[in-house]
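Welcome! Take a moment to look over the sequence and turn the model around before reading on.

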Amino acid sequence: MSSSIDRRAVDLLLSIVESADAKVAGAVLSDYHANSAGKLLAANVLRLDGHNAAAASLADFEDEPVSLIWSSERNGYGYFSPSAGWVDVPKERMGVYGVDFPVLFARLLVGLDIASRGGARALVPRALWELGDARIGRRPQRVPIWFARRLSDRRIWADVADAARRRPTPHVRILLTSTPSGRLLEPGLPGHLVVSIGDAIDFDDGMAVSPEILSALLDGTPAVSPHTPLSLSPSGQRLTIHGNVTIDLKSDIHIAIIRKLVEGHQDGRRFSARELLDHAHSSAKTLRQAFGAQRWADLEPYLKSENGLWGFAL
């Protein structure tokens, strides 16, 4: 992979990815981003995806687009200007260029040991993809990785959150996004480490996501405000209550149960013990039995049953 894709080119690419249809007019690239556009086209992350039949006037300095006409005599498109006569419009200005997402994903993941069942798979059309499972740092389990765009859009955020609820994971999932961190609609998603690509790219290797940066982000424990009643670390291994009570979890069963309870608390839902135990693939008969005496003693002051349904009471 070429390292010629610099920060300016990456910023341009991410802005195109974040646009409504992930496309950009050739005239915009030619007029404002010629150098960066050349690098993205050479890397095949931008490809020609149609043509415009209109263009801004090159001779009359008007903002209104003019319709283009085919000239068999000049073997190209152009328009007639009252001040300049016939004006040829170069093909590159007429083009519409779209993001080639498979190529983008390949370049982003080139530095990761990724396992995938046949490449990226769309979970929400044109918004969310499952990329595969990556070996990050010294973690014994591979970490699933998704990619989403336009997480500043409320409808798309709701679709992504719904997909995450329908496909829970017992461990943390990394959600890479082209949306800058300052524009995310929500600060996080339960069970996910949301990472803006611009914060994780190794620019010495083109536009590859750095496994070292991802590992550091996974290892980090964000500060929790005492005004936050309930917070679960991205890995699901640390539950924080009221900012000052921490309960560490190591068992996959414990993590799966607590993660579902935290999501339920945020959504106003409660669960039967059987539903929680089945979700965590536990053979225990009760929650107390599943957690064991010591861990249950830590949780019991905050977990309460109402009409047979369990949830946090904070």
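## A sheet of three strands

In what order do the three strands of the open sheet lie? They follow the order 17-18-19, and their pairing is antiparallel. This comes from a predicted model, which is good to keep in mind as you explore.

Strand 17, at residues 230-232, and strand 19, at residues 245-248, are the edge strands, each pairing on one side only. From one strand to the next, the twist averages 15°. Strand 18 covers residues 238-241 and is joined to strand 19 by four bridges, the two running antiparallel. To find your place in this pairing, look for I241, which stands opposite V245 of strand 19.

## A helix across the strands

Now look for helix 8, made of residues 252-267. Helix 8 lies across strand 17 and strand 18, and runs at about 140° to strand 17.

## The second largest pocket

Helix 8 turns up again here: along with helix 7 (211-219), it is one of the elements that give two or more residues to the lining of the second largest pocket. This pocket holds about 370 Å³ of space.

Which residues of the lining come closest to the pocket's centre? They are R139, Q141, V172, S235 and Q237, out of 20 lining residues. By character, the lining of this pocket divides into six nonpolar, seven polar and seven charged residues.

## A hairpin further along

Another place to visit is the hairpin of strand 20 and strand 21, with two residues between the strands. Strand 20 spans residues 303-306, while strand 21 spans residues 309-312. The two run antiparallel and are joined by four bridges. One bridge pair to look for is L303 with F312 in strand 21. In this hairpin, N307 takes a positive phi near 55°.

## A closer look at K304

K304 sits in strand 20. Why does K304 count as partly exposed? Its relative accessible area is 37%, and partly exposed covers values between the 20% limit for buried and the 50% limit for exposed, so K304 belongs in that middle class.

What does K304 touch, leaving aside its neighbours within four places in sequence? Its contacts are R270, L309, W310, G311 and A313. Three of these names, L309, W310 and G311, fall within the residues 309-312 of strand 21. As a last stop, try L314: its C-alpha atom is separated from that of K304 by 9.6 Å, with the two residues 10 apart along the chain.

Key. Residues are numbered from 1 along each chain as its sequence is written. This is a predicted model: local features need pLDDT of at least 70, side-chain atom pairs count only at pLDDT 80 or more; totals for chains, interfaces and linings use all residues. Side-chain values use heavy atoms; hydrogens and water are left out. Two strands pair if DSSP finds at least two bridges between them. Axes are lines fitted to C-alpha atoms, for helices over the stretch in contact, and angles run from 0 to 180 degrees between N-to-C directions. Contact means heavy atoms within 4.5 Å. On a 1 Å grid over the protein atoms alone, a cavity is a set of points where a 1.4 Å probe fits but cannot get out, and a pocket is an open set with protein on both sides within 12 Å along at least five of seven lines; lining residues have an atom within 4 Å of a point. Grid points are joined across faces, edges and corners, and a volume is the space filled by probe spheres set on the points. Ala, Val, Leu, Ile, Met, Phe, Trp, Tyr, Cys and Pro count as nonpolar, Asp, Glu, Lys and Arg as charged, and the others, Gly among them, as polar. Buried means under 20% relative accessible area, exposed over 50%, partly exposed in between (1.4 Å probe, protein chains only).
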